[in-house]
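Please open the model in your viewer and keep the selection panel at hand, since each stop below begins with something to select. The tour goes from helix to helix and then on to single residues.

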Amino acid sequence: MAVLPEADYRQLLDMLEDREDVLAAERAEQRRLAGEEYIPLEIVDRLIDGENPVRVWRQYRGLTQAELASRIGVSNMAISGLERGRSGSLKLFRSIANELRVSLEDLLPDE
């Protein structure tokens, strides 16, 4: 058992927390170097705020509705409809997810 002044104890706790932060940052950098994609806070905020995920991811990837539609072999109206909240087939959502390099769950509405 050791007895420390409270100020010294709190300083040790702060040092431990700083060390944990450094280790977490190192692990995050290792994942980034291994190819994990970092998503900008602006994109995360748009998704959290409930903006249509197809639109958010399409714009993040720098595609127009026409470009996305052409790449997956559907009409502009199909993409436009999804972005306005119309339902679509699972096959369509899978194609979009693959093209935008996101998981299917990232695009499907929460239900």
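What follows is a walk through a predicted model, with helix packing treated before the loops.

**First stop: helix H4**

Select residues 65–72, which form helix H4, and colour Leu 68, Ala 69 and Ile 72, which are buried. If you look down the axis of H4, these buried residues fall within an arc of 100°, so they line one face of the helix. On the other side of H4 you will find Ser 70 and Arg 71, both of which are exposed. Now show the neighbours of the buried residues: they pack against H3, helix H5 (76–83) and H6. Before leaving this helix, step just past its end to Gly 73, which takes a positive phi of about 75°.

**Second stop: H4 against H5**

Add H5 to the selection and display both axes, which come within 8 Å of each other and cross at roughly 120°, the crossing being right-handed. On the H4 side the contact is made by Gln 65, Ala 66, Leu 68, Ala 69 and Ile 72, and on the H5 side by Asn 76, Ile 79, Ser 80 and Glu 83. Coloured by class, the residues of this contact divide into five nonpolar, three polar and one charged.

**Third stop: H4 against H6**

Keep H4 and replace H5 with H6, which covers residues 90–100. The axes of H4 and H6 come within 10 Å and cross at roughly 110°, and these two helices are therefore roughly perpendicular to each other. Here Leu 68, Arg 71 and Ile 72 in H4 meet Leu 92, Ser 95, Ile 96, Glu 99 and Leu 100 in H6. By class, the contact of H4 with H6 has five nonpolar, one polar and two charged residues.

**Fourth stop: H3 against H6**

Hold H6 in place and select helix H3, residues 53–60, which packs with H6 at an angle of about 30°, the axes lying 10 Å apart. H3 and H6 are therefore roughly parallel to each other, as angles under 35 degrees count as such. H3 passes H6 in a left-handed crossing. To see the contact itself, show Val 54, Trp 57 and Arg 58 of H3 together with Phe 93, Ile 96 and Leu 100 of H6. This contact of H3 with H6 has five nonpolar, no polar and one charged residues.

**Fifth stop: two arginines in loops**

Move to Arg 61, placed in the loop between H3 and H4. Is Arg 61 buried or exposed? At 17% relative accessibility, Arg 61 counts as buried, because the cut-off for buried is under 20%. Leaving aside residues up to four places away in sequence, Arg 61 touches Glu 37, Leu 100, Arg 101 and Val 102. Select Arg 101 from that list, and you arrive in the loop between H6 and helix H7 (104–107). Arg 101 counts as exposed, with 56% relative accessibility, and has a positive phi of about 60° although it is not a glycine.

**Last stop: a long view**

Finally, zoom out and pick Ala 7, found in helix H1, residues 6–33. With 57% relative accessibility, Ala 7 counts as exposed. Draw a distance from the C-alpha atom of Ala 7 to that of Val 102, 95 residues apart along the chain, and the separation is 48 Å. Val 102 has already appeared on this tour, as one of the residues that Arg 61 touches.

Methods:
Residues numbered from 1 in each chain as written. Predicted model: local features only at pLDDT ≥ 70, side-chain atom pairs only at ≥ 80, totals over all residues. Heavy atoms only, no water. Axes fitted to C-alpha atoms, helices over the stretch in contact; angles between N-to-C directions. Helix = DSSP H or I, 4+ residues; strand = E, 2+ residues; numbered from the N terminus. Parallel < 35°, antiparallel > 145°, perpendicular 65-115°, else oblique. Left-handed = near helix turned anticlockwise from the far one by under 90°. Contact = heavy atoms within 4.5 Å. Nonpolar A, V, L, I, M, F, W, Y, C, P; charged D, E, K, R; others polar. Buried < 20%, exposed > 50% of the residue type's maximum accessible area, 1.4 Å probe, protein only. Arc of directions from axis to C-beta.
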